Amino acid sequence: MTGRPFGAVVLAQGAGEHQGLAIVLFTLFVSVTLAITAWAGRRRSSSVEFFAGGRLFSPLENGFAIAGDYMSAASFLGISGLIALFGYDGLLYSVGFLVAWLVVLMLVAELVRNCGRYTLADVLSARMRQRPVRIAAGTSSVVVSILYLVAQMVGAGSLVGLLLGGQSAAARTWTVVGVGALMVFYVSFGGMRATTWIQIVKTVLLIGGAITLTVMVLVRFHGNPDDLLRSAAAGSGHGDAFLSPGLKYGGSWTSRLDFISLGLALVLGTAGLPHILSRFYTVPTARSARRSVIWAIALIGSFYLMTIVLGFGAAAVVGSDTVRASNAAGNTAVPLLAEILGGGAGTTGGTVLFAVVGAVAFATILAVVAGITLASSASVAHDLYATLRRPAPQGRHGRRAEAGADAQPSETEGEMEQDEVRVARLAAVGIGAVAIGLSLFAQGQNIAFLVGLAFAVAASANLPALLYSLFWHRFTTRGAVWAIYGGLVPALLLVLLSPVISGSPEALFPGVDFHFFPLENPGLVSIPLGFLAGWLGTVLSPEKADEGRFAQTEVRALTGAGAV
């Protein structure tokens, strides 16, 4: 068959008949989010307001916002697509993304809220020399955020351009540029307050859409999960193998190791994601942060259970081959499922439900990219710019003198905070431009897979330094810097030398082959390297850890005494 795949042709025709509806839905959501941004932008732009929303959100509100930050296009489109294509093996993403929150709840949520102010670097530098640690942590946070942004932009390109009837490269490009422009506007003018309320609205829409589709799938199979799974196995073309391990990760030892690597990245990566950690600073107390996570786990757990039904439902109702024909990575499985559940291609019900699901996915993408962009721009302004512009006076241990947590900032400090807000707004533009440019090269990749790479880098670079800083009294500045770079650099190099970039038909550059590392996800190697580098840096450091400073940090982390 020549030209566009059959699934793409059907979707484009259906979208062409009701493009007006899709445009109305997009315009409605964008109008609501712009109104929220305008409302939030009327408030004074202090640093605590811009970066943390004034720390005035309730645990329920923040729990919904955390869920909105976490339930990205990778969750709604990518995971369901992987399950529709690979069955049991696709479940790893749903399980891994959910289990990761136990690490966040048990190890970092309250401690990060008590020790930090706006960013991950605040926690890491609490008892270290500020300059080297902040530069390293800020750099790592920006890199992780850009990788995560690329995945969301790929989702925008594969979904919105298709929904509006455009399969051309130009349609995808303009879609990505439009999403990038909106996210910059949200962050620059609304800050954390606007971003949080956009996340809350998006969570309500996403959960509502997922519940609707899940109920429709279950009703179609008379509420019998066994019928659903048997039909999914038949529709996949793989038979019973579709419901067993090994279809994607099991053909060789390399794929099995890739499975372990991906699992490690997903379970450990969440605790190192900058845009998730920054959410803990938007509530007034550590207890509120913990309750926020409990609310988020309830919402996220329910949602990922529904993605399993949607993935197997797509295989059963649409068929894996049709999903693959529409999008080789499976990113359009849920919209295709919605179209058939609504009555099929060419029907009003099918096209309406397809457009509604597409609009919900679009809302998901816009909300997530806003949160990520805010976190990364905060790292640029609060960690990199502030540190490089204002070298700290050195004390006995190389730390700058700091005001107490309850001290009133001087006029000079207030002016510096205003500078940070201005720089953050400018940084949002630059980060958006970089993410747009990189995402145009990755349009053929599965969204959940790309997010898995971001999780691997976060688990390799940020998590070792964070855990060592919170729990190891001997940890030093050199250990922190080595842990970050010792995880970040190998993770990026291994990705560049992996089959993701070259050497396979699905690679970013399929026409060349310079891959050396056999695994697609680097976590199995880079995460231990991050922990090892942090340990080596500490034991080889001529500088001894400040035991008194650690004791202060430990008391602050566990009790909240002195927390801002």
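The expected span of a helix is 1.5 Å times one less than its number of residues. Keep that rule in mind for the second view; every view here comes from a predicted model.

**Figure 1. The whole chain is built with 21 helices and 0 strands.** Welcome to the overview, a good place to start before zooming in. Of the 564 residues in the protein chain, 58% are buried. Now look at contacts between residues at least 6 apart in sequence: 84% of them join residues at least 24 apart.

**Figure 2. Helix α4 covers residues 59-70.** Here is where the opening rule comes in. How far should the 12 residues of α4 span at 1.5 Å a residue? The expected value is 16 Å, and the end C-alpha atoms of α4 are 16 Å apart, which agrees. Next, consider the surroundings of α4: 9 of its 12 residues are buried, so α4 is largely enclosed by the rest of the structure. Among the buried residues you can find Pro59, Asn62, Gly63 and Tyr70. A run from Ala65 through Ile66, Ala67, Gly68 and Asp69 is buried too.

**Figure 3. Helix α6 packs with helix α11.** Two packed helices are described by the angle between their axes and the distance between the axes. For α6 and α11 (residues 253-269), the angle is about 40 degrees and the axes are 7 Å apart. That angle makes α6 oblique to α11. On the α6 side, the contact is made by Leu92, Tyr93, Gly96, Phe97, Val99, Ala100 and Val103. Their partners in α11 are Phe259, Leu262, Gly263, Leu266 and Val267. Sorted by class, this contact of α6 with α11 has 10 nonpolar residues, 2 polar ones and no charged ones. As you trace the helices, a helpful rule is that an α-helix has 3.6 residues a turn, so residues three or four places apart point the same way.

**Figure 4. Helix α6 also packs with helix α21.** In this view, α6 (residues 91-115) meets α21 (residues 547-559) at an angle of about 120 degrees, with their axes 7 Å apart. Angles over 115 degrees that do not exceed 145 count as oblique, which makes α6 oblique to α21. The crossing of α6 past α21 is right-handed. Which residues of α6 meet α21? They are Glu110, Leu111, Asn114 and Cys115, and they face Thr553, Arg556, Ala557, Leu558 and Thr559 in α21. The residues of this contact divide into 4 nonpolar, 3 polar and 2 charged.

**Figure 5. Serine 526 sits in helix α20 (residues 523-539).** Is serine 526 buried or exposed? Its relative accessible area is 0%, so serine 526 is buried. Leaving out residues up to four places away in sequence, serine 526 touches Ala456, Ser460, Gly487, Pro490, Ala491 and Leu494.

**Figure 6. Leucine 21 belongs to helix α2 (residues 19-41).** With a relative accessible area of 26%, leucine 21 is partly exposed. Setting aside neighbours within four places in sequence, leucine 21 is in contact with Val352 and Ala355. Try finding valine 356 as well: leucine 21 and valine 356 are 335 residues apart along the chain, yet their C-alpha atoms are separated by 8.7 Å.

**Figure 7. Valine 451 is part of helix α18 (residues 447-471).** Valine 451 counts as buried, at 1% relative accessibility. How many residues along the chain lie between the positions of valine 451 and leucine 266? They are 185 residues apart, and their C-alpha atoms are separated by 9.0 Å. You have already met Leu266 in the contact of α6 with α11.

Definitions and conventions. Residues numbered from 1 in each chain as written. Predicted model: local features only at pLDDT ≥ 70, side-chain atom pairs only at ≥ 80, totals over all residues. Heavy atoms only, no water. Axes fitted to C-alpha atoms, helices over the stretch in contact; angles between N-to-C directions. Helix = DSSP H or I, 4+ residues; strand = E, 2+ residues; numbered from the N terminus. Parallel < 35°, antiparallel > 145°, perpendicular 65-115°, else oblique. Left-handed = near helix turned anticlockwise from the far one by under 90°. Contact = heavy atoms within 4.5 Å. Nonpolar A, V, L, I, M, F, W, Y, C, P; charged D, E, K, R; others polar. Buried < 20%, exposed > 50% of the residue type's maximum accessible area, 1.4 Å probe, protein only.
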